[in-house]
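Q: Hi! Could you walk me through this model before I head back to the bench?
A: Happy to, just ask away.

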Amino acid sequence: MDNNYLKDLPKVKGELLFNYSLQNLTRFKTGGVAEVFFSPKDKKDLLDFLKHAPKDMNIYTLGFGSNILIRDGLLNGIVIRLQSSAFNYINLLSNDDYTISCGAFASNIAISRFAMEHNIKGLEFLFGIPGSIGGAILTNAGCFKREIKDILVEIEVVDKITGEVSVLSCDECKLSYRESDISSRLIITSVILRGEQGDSKIIQQTMDNILKEKDAAQPTYTKTAGSTFKNPPNASAWKLIRDAGCQGLRLGGAIVSTKHANFIINDNNATSADIEDLAEKVRFLVYEKFGIMLEYEIKIIGARKVENS
Ligand SMILES: Cc1cc2nc3c(=O)[nH]c(=O)nc-3n(C[C@H](O)[C@H](O)[C@H](O)COP(=O)(O)OP(=O)(O)OC[C@H]3O[C@@H](n4cnc5c(N)ncnc54)[C@H](O)[C@@H]3O)c2cc1C
């Protein structure tokens, strides 16, 4: 795709940056440069931009980058990140004590803390899921037998092509294991979640336990995007990877975690190509041994870097 559209971009109130490195915006700390990066000042800024932007450009949404691998080459198009305060808020809905309204860029961890402080139970599992609530909804994130589907009331979305706003109920999102029917044309701008009456002390204990168990089993504080692959029906991805002998396997600066086999870590200046090639090797070895082709849980976007260009 040519990049003639760059000269036709509408004026914005937020930040519009060109050739912007995305490395520091992902948990893997790898990835290339976006042709354009846009952080809207508020919802109106986002809508005005989308309504008047050229219709032939690729538009990507980035949250906290904790479930994504961005390839090393130039990312054609525009990356929109809702990082301004207009999309990062958490409130109680005034007419209902157990219902929380938040911006799509609010962190899962902050939302679970907010719920605890307001004696709302049911959102404790979000404490174990780094990332924004927008990103969590897209893949129906979950852990410890709880998932977004259990707490979501509705989302507000904006169409990337038309700039039109609409509301989708939880049922309309059709959330299932690490999936949703939310179209890639949509950007989630805000979210309504509902819990139940609880006791902040007990809620805090549950959150502490979740974190303790996660830290014991997963390399939480490394450069990783969490589980690389989804669990196939009636099987655990990590067990298949372990039993295929992949734990500790290394490619360039990337390694299959020795603590949790479904996590790939950038432990020594890995490139995205190192991580993707290692993931492909794991898929091949698991397929060779068990005849099961693992499906990616992490999202992979962008183009590979072409050497000497
Ligand atoms: C250590 C670790 C542990 C993890 N544990 C778990 C776990 O237990 N369970 C689990 O489910 N996940 C887990 N994850 C994965 C990750 O934390 C979640 O998927 C997270 O909610 C992703 O949010 P994000 O903001 O980082 O999204 P990103 O990684 O930035 O983006 C992920 C996808 O969401 C899309 N997206 C982001 N924001 C929006 C938006 N506003 N509108 C539309 N699309 C959007 C992006 O385009 C992309 O396709 C873990 C990750 C790490 C690093």
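**Around helix α2 and beyond**

Q: Let's start just after α2: what phi does N119 take there?
A: This is a predicted model, and in it N119, just after α2, has a positive phi of about 55°.

Q: And in α2 itself, which residues are buried?
A: Helix α2 covers residues 108-117, and its buried residues are N108, I111, S112, A115 and M116. Looking down the axis of α2, those residues fall within an arc of 140°, so they line one face of the helix.

Q: Why would that spacing put residues on one side of a helix?
A: An α-helix has 3.6 residues a turn, so residues three or four places apart point the same way.

Q: What do the buried residues of α2 pack against?
A: They pack against the strands β6 (90-92), β7 (99-103) and β8 (120-121), along with the helices α3 (133-138) and α5 (200-217).

Q: Switching topic: how is the protein chain divided into domains?
A: Domain 1 is 4-80, domain 2 is 88-214 and domain 3 is 219-301.

Q: How many residues of domain 1 are in contact with domain 3?
A: 13 residues of domain 1 are in contact with 15 residues of domain 3. On the domain 1 side, strand β4 (residues 68-70) gives the largest share, 3 residues. By class, that side has 5 nonpolar, 4 polar and 4 charged residues.

Q: Nice. What about the overall chain, how many helices and strands?
A: The protein chain has 7 helices and 19 strands. Buried residues make up 43% of its 309 residues.

Notes. Residues numbered from 1 in each chain as written. Predicted model: local features only at pLDDT ≥ 70, side-chain atom pairs only at ≥ 80, totals over all residues. Buried ≥ 20, exposed ≤ 12 C-beta atoms within 10 Å, placed from the backbone. Helix = DSSP H or I, 4+ residues; strand = E, 2+ residues; numbered from the N terminus. Arc of directions from axis to C-beta. Contact = placed C-beta atoms within 7 Å. Domains from an automatic or database assignment. Nonpolar A, V, L, I, M, F, W, Y, C, P; charged D, E, K, R; others polar.
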